[in-house]
Amino acid sequence: MKSISLIGVPMDLGQMRRGVDMGPSAIRYAGVVERLENIGHTVRDRGDVLIEAAERVQDPSTNLRNLKAVAKGNTELAITVDKVITEGDFPLVLGGDHSIAMGTIAGLARHYSNLGIIWYDAHGDLNTGETSPSGNIHGMPLAVSLGIGHPTLTSIHGDSPKIKPENIVIIGARSLDEGERTLIKEKGIKVYTMHEVDRLGMTQVMDETISYLKEKNLDGVHLSLDLDALDPQEAPGVGTPVPGGATYRESHLAMEMLEESKLITSAEFVEVNPILDEKNKTAATAVALIGSLFGEKLL
Ligand SMILES: NC(=[NH2+])NCCC[C@H](N)C(=O)O
Ligand SMILES: [Mn+2]
Ligand SMILES: [Mn+2]
């Protein structure tokens with residue numbers, strides 16, 4: 001059994017829709033602590049990282065919305081994640097918009113020199129200010145962690161690159177911007193789009209992902225799960241829904257296979273927006289997936 005530290009990150013400055021800052025509360029309300037304790041894990045809820053109420057700003061010269069406030073919140077998060085690992089706990093981060101992956105990975109990078117990343121998402125989140133159609137930083141954290149982007153972001157809690165392109169697997173992609181596609185090809189990032197999920201089935205996608213990562217001699221693997229990877233019918237409470245996503249069942253299978261692989265050393269569940277949700281369905285889905293990732297079994 002694991003000793004898990006929960007870290008809430010009420011961040012909504014990485015995108016424009018209000019409400020995603022309430023994601024951590026919604027996931028707690030959906031019973032995440034009880035769910036993990038029922039499996040037999042020890043859970044320590046560290047509360048929420050402080051995200052200051054910032055005036056929303058758009059600097060046309062950088063095309064990065066709320067740059068300073070996003071960097072500040074992520075620095076706080078990186079410090080917390082760093083500390084949780086030092087204390088020997090498994091960090092489970094609850095978002096908040098996906099810009100918080102920059103902070104989580106920055107904290108992890110102090111402890112793992114060859115970290116693997118599973119990016120379960122409809123999007124690549126590989127934009128920079130130059131390639132982003134929106135200026136929203138939640139579309140950039142994977143690029144930032146690779147050392148690509150504005151220095152205010154790439155320098156959060158230490159120098160970048162914090163991860164290597166060959167250690168990343170993106171699963172569930174179905175919305176990629178031009179610059180992201182170029183970067184994926186240039187860096188040779190492994191991507192299973194929804195086309196591959198349909199064609200191969202989730203079992204093979206996960207089997208291949210797990211073997212691919214096992215060959216890399218990694219010292220840890222981080223799961224960054226954006227709820228918009230799931231189909232909007234099953235996870236409606238997200239800010240940037242894209243039709244044609246992974247089902248609830250496929251996603252459960254993915255979590256169960258990751259649990260069996262024993263590879264995962266940290267995880268985050270992001271983009272839950274209770275204002276856009278239907279009766280907290282998306283937060284409940286997040287909790288159910290967390291259950292599977294941490295070894296919940298029927299029999
Ligand atoms: N974490 C997310 N939901 N990202 C959505 C990003 C959407 C789009 N690619 C953009 O850069 O604006
Ligand atoms: Mn997404
Ligand atoms: Mn994302």
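This is the transcript of a short group-meeting talk on one predicted protein model.

Good morning, colleagues. The structure shown above is a predicted model, and I shall go from the overall build to selected residues.

The chain contains 11 helices and 10 strands. Its radius of gyration is 17 Å, close to the 19 Å that the globule rule gives for 299 residues, so the chain is as compact as a globular protein of that length. The C-alpha trace spans about 55 × 40 × 40 Å along its principal axes. Of the 299 residues, 54% count as buried. If we take the contacts in the chain with a separation of 6 or more, 77% of them are accounted for by residues 24 or more positions apart.

Let us turn to the sheet. It is an open sheet of 8 strands with parallel pairing, and the strand order is 2-1-5-10-9-6-7-8. Strand 2, residues 42-48, and strand 8, residues 190-193, form the edges, each pairing on one side only. On average, and with direction ignored, neighbouring strands of this sheet are turned by 15° against each other. One pairing within the sheet may serve as an example: strand 6 and strand 7 pair in the parallel sense over 4 bridges. Here Trp-119 has Ile-170, in strand 7, as its bridge partner.

A helix also belongs in this picture. Helix 4 lies across strand 5, strand 6, strand 9 and strand 10. Relative to strand 9, which covers residues 220-226, helix 4 runs at about 175°.

I come now to the interior. In soluble globular proteins, nonpolar side chains tend to be buried together. In this model, the largest nonpolar core has 91 residues, and the members that touch the most others are Val-9, Ile-27, Phe-269 and Ala-286. Helix 3, residues 67-86, supplies the largest share of this core, with 9 residues. Leaving aside residues up to four places away in sequence, Val-9 touches a set of residues that includes Pro-24, Val-49, Ile-51, Leu-77 and Val-93. Gly-95 and Gly-96 are also among the contacts of Val-9.

Those two glycines bring me to the backbone. Most residues other than glycine have a negative phi, and most peptide bonds are trans. Where does this model depart from that pattern? The peptide bond from Gly-95 to Gly-96 is cis, with omega near 20°. Gly-96 sits in the loop between strand 5 and helix 4. A cis peptide bond also joins Ser-160 and Pro-161, with omega about 0°; Pro-161 is in the loop between helix 6, residues 151-154, and strand 7, residues 168-173.

Positive phi values deserve mention as well. Asn-63 is not a glycine, yet its phi is positive, at about 55°. Asn-63 belongs to the loop between strand 3, residues 58-59, and strand 4, residues 64-65. With 19 other C-beta atoms within 10 Å, Asn-63 is partly exposed, because a residue needs 20 or more to count as buried. Lys-262 likewise has a positive phi, near 60°, and is placed in the loop between helix 10, residues 248-261, and strand 10, residues 264-270. Is Lys-262 buried or exposed? It has 9 C-beta neighbours inside 10 Å and therefore counts as exposed.

Finally, I turn to the annotated site. An unreviewed UniProt entry carries the annotation "binding site" for His-98, Asp-121, His-123, Asp-125, Asp-226 and Asp-228. These residues are spread over 131 residues of sequence, but they cluster in space, with a largest C-alpha distance of 12.1 Å.

Let us look at two of them. His-98 lies in the loop between strand 5, residues 90-95, and helix 4, residues 101-109. That loop also holds Gly-96. His-98 is buried, because 32 other C-beta atoms lie within 10 Å. Residues up to four places away in sequence aside, His-98 touches Gly-14, Asp-125, His-138, Pro-141, Asp-226, Val-270 and Glu-271.

Asp-125 is in the loop between strand 6, residues 115-120, and helix 5, residues 141-145. It too is buried, with 28 other C-beta atoms within 10 Å. On the same basis for contacts, Asp-125 touches His-98, Gly-139, Met-140, Pro-141 and Leu-142. Pro-141 thus appears in the contacts of both His-98 and Asp-125.

That concludes my presentation. Thank you for your attention.

Methods:
Residues numbered from 1 in each chain as written. Chains lettered and ligands numbered in written order. Predicted model: local features only at pLDDT ≥ 70, side-chain atom pairs only at ≥ 80, totals over all residues. UniProt positions renumbered as here; feature names shortened; annotations may be inferred. Helix = DSSP H or I, 4+ residues; strand = E, 2+ residues; numbered from the N terminus. Buried ≥ 20, exposed ≤ 12 C-beta atoms within 10 Å, placed from the backbone. Contact = placed C-beta atoms within 7 Å. Core = buried A, V, L, I, M, F, W, Y, C linked by C-beta atoms within 7 Å. Pairing = 2+ DSSP bridges. Axes fitted to C-alpha atoms, helices over the stretch in contact; angles between N-to-C directions. Rg over C-alpha atoms; globule rule 2.2 N^0.38 Å.
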